[in-house]
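Let's take a friendly tour of some charged side chains and where they sit. Keep the viewer open as you read along.

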Amino acid sequence: MKDLPLQTKTALVTGARRGLGKAIALRLARSGADVVLNDIAAGQEECEGVAEEIRALGRKGLVATADVCAADQINEVMEKIVSECGRLDILVNNAGITRDMLLARMTEEQWDSVLNVNLKGTFLCTRAALKTMLKQRSGSIINIASVVGLMGNAGQANYAASKGGVIAFTKAVAKEVASRNIRVNAVAPGFIISPMTDKLSEEARRRLLCLIPLARLGKPEEVAEVVNFLAGDASAYITGQVVNVDGGMVM
Ligand SMILES: NC(=O)c1ccc[n+]([C@@H]2O[C@H](COP(=O)([O-])OP(=O)(O)OC[C@H]3O[C@@H](n4cnc5c(N)ncnc54)[C@H](O)[C@@H]3O)[C@@H](O)[C@H]2O)c1
């Protein structure tokens with residue numbers, strides 16, 4: 001039990017087909033959790049692959065495709081989790097997108113899509129998960145924010161606003177549900193090797209490295225480690241916090 005601190009727990013990870021979500025799902029499974037992998041329908045096959053890896057670890061690995069912005073789809077995912085796993089202990093709101101553009105040229109579509117997935121998606125999944133967690137009187141919710149939500153970034157006003165919103169949302173909900181033994185924390189990654197940062201130009205990458213005291217990009221597993229800590233009882237007295245995993249960018 002000591003080696004498997006999340007044994008008997010069920011986790012839902014959104015945006016789990018690849019990148020940070022996949023690393024988080026696998027890390028939680030290695031701690032003993034059964035894991036439900038959510039992503040959009042186009043990610044179903046990759047999710048099935050991750051679920052297979054989780055089952056190979058001896059845990060339940062389920063796939064629940066849904067758009068985090070669609071309340072009816074997310075409510076269905078929660079019903080499926082309760083009927084197949086009987087409970088929900090951990091929610092990781094990881095699904096996220098970028099649509100970068102300088103503000104003067106940013107379209108409403110670029111603004112709305114980023115706010116919808118990153119912020120409204122976090123709201124809808126949290127609201128749906130709380131139904132079960134409030135009845136259980138326990139739970140841990142971890143929202144994947146970004147250092148950009150703390151320090152801003154030119155060309156990412158939509159993304160910065162969404163992640164700053166996620167951080168404020170984290171603190172408000174943490175206060176609201178603490179009395180029911182439900183904790184809500186955020187992790188703010190810096191620049192992590194993933195499909196999202198693979199899109200950066202060499203020039204952008206060089207400029208970024210100058211801002212990182214540890215002088216390298218982070219690994220998805222380094223973010224997953226912190227999520228794993230926040231998910232379990234080792235962090236039982238921590239709520240409403242933002243943990244930066246950023247090589248020292250924000251300090
Ligand atoms: N990679 C980084 O450097 C970095 C830094 C800070 C924060 N983050 C955050 O970490 C999270 C994961 O990012 P990543 O780098 O692994 O990117 P990624 O693009 O590899 O993963 C994001 C996942 O979310 C899924 N997704 C997108 N829209 C969705 C929707 N409507 N419903 C369900 N799933 C949806 C995508 O299909 C994808 O699998 C994001 O929230 C991102 O903002 C990443």
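We can begin with K120, a residue of helix α4. K120 has a relative accessible area of 38%, which lies between the 20% and 50% cut-offs, so K120 counts as partly exposed. Please keep in mind that this is a predicted model.

K120 has company: together with R127, K131 and K135, K120 gathers in a patch of positive charge on the surface. A patch of this kind takes in residues without a salt bridge, so the members of this patch are charges left unpaired by that rule.

Now for the charges that do pair. Side chains of opposite charge can pair when their charged atoms come close. Counting nitrogens of Lys or Arg within 4 Å of a carboxyl oxygen of Asp or Glu, the model comes to nine salt bridges. Three of these pairs are described here, with the distance between the closest N and O atoms.

| Salt bridge | Closest N and O atoms |
|---|---|
| R17 and E46 | 3.0 Å |
| E225 and R27 | 3.0 Å |
| E52 and R55 | 3.1 Å |

Take the salt bridge between R17 and E46. This pair links distant parts of the chain, 29 residues apart: R17 lies in the loop between β1 (10-13) and α1 (19-30), while E46 belongs to helix α2 (residues 44-56). R17 is buried because its relative accessibility is 16%, whereas E46, at 37%, counts as partly exposed.

The salt bridge of E225 with R27 spans a long stretch of sequence. E225 lies in helix α9 (residues 220-231) and R27 in helix α1, so the pair ties together parts that are 198 residues apart in sequence. Is R27 buried or exposed? With a relative accessible area of 18%, R27 is buried, while its partner E225 is partly exposed at 40% relative accessibility.

The salt bridge of E52 with R55 stays within one element: both residues lie in helix α2, three residues apart, which is about one turn of the helix. Both ends are partly exposed, E52 with a relative accessible area of 48% and R55 at 37% relative accessibility. Elsewhere, salt bridges that share partners join R17, D39 and E46 into one network.

One more charged residue deserves a look. R105 lies in the loop between β4 (90-93) and α4 (108-136), and counts as exposed because its relative accessibility is 61%. The C-alpha atoms of R105 and G155 are 9.7 Å apart, although 50 residues separate the two along the chain.

Terms used: Residues numbered from 1 in each chain as written. Predicted model: local features only at pLDDT ≥ 70, side-chain atom pairs only at ≥ 80, totals over all residues. Heavy atoms only, no water. Helix = DSSP H or I, 4+ residues; strand = E, 2+ residues; numbered from the N terminus. Buried < 20%, exposed > 50% of the residue type's maximum accessible area, 1.4 Å probe, protein only. Patch = residues over 30% accessible without salt bridge, like charges linked within 9 Å, V, L, I, M, F, W, Y side chains within 5 Å. Areas by Shrake-Rupley, 256 points an atom, 1.4 Å probe, with all protein chains shown as cover. Salt bridge = Lys/Arg side-chain N within 4 Å of Asp/Glu carboxyl O. Lys, Arg positive; Asp, Glu negative; His and termini not counted. Charge placed at Lys NZ, Arg CZ, Asp CG, Glu CD.
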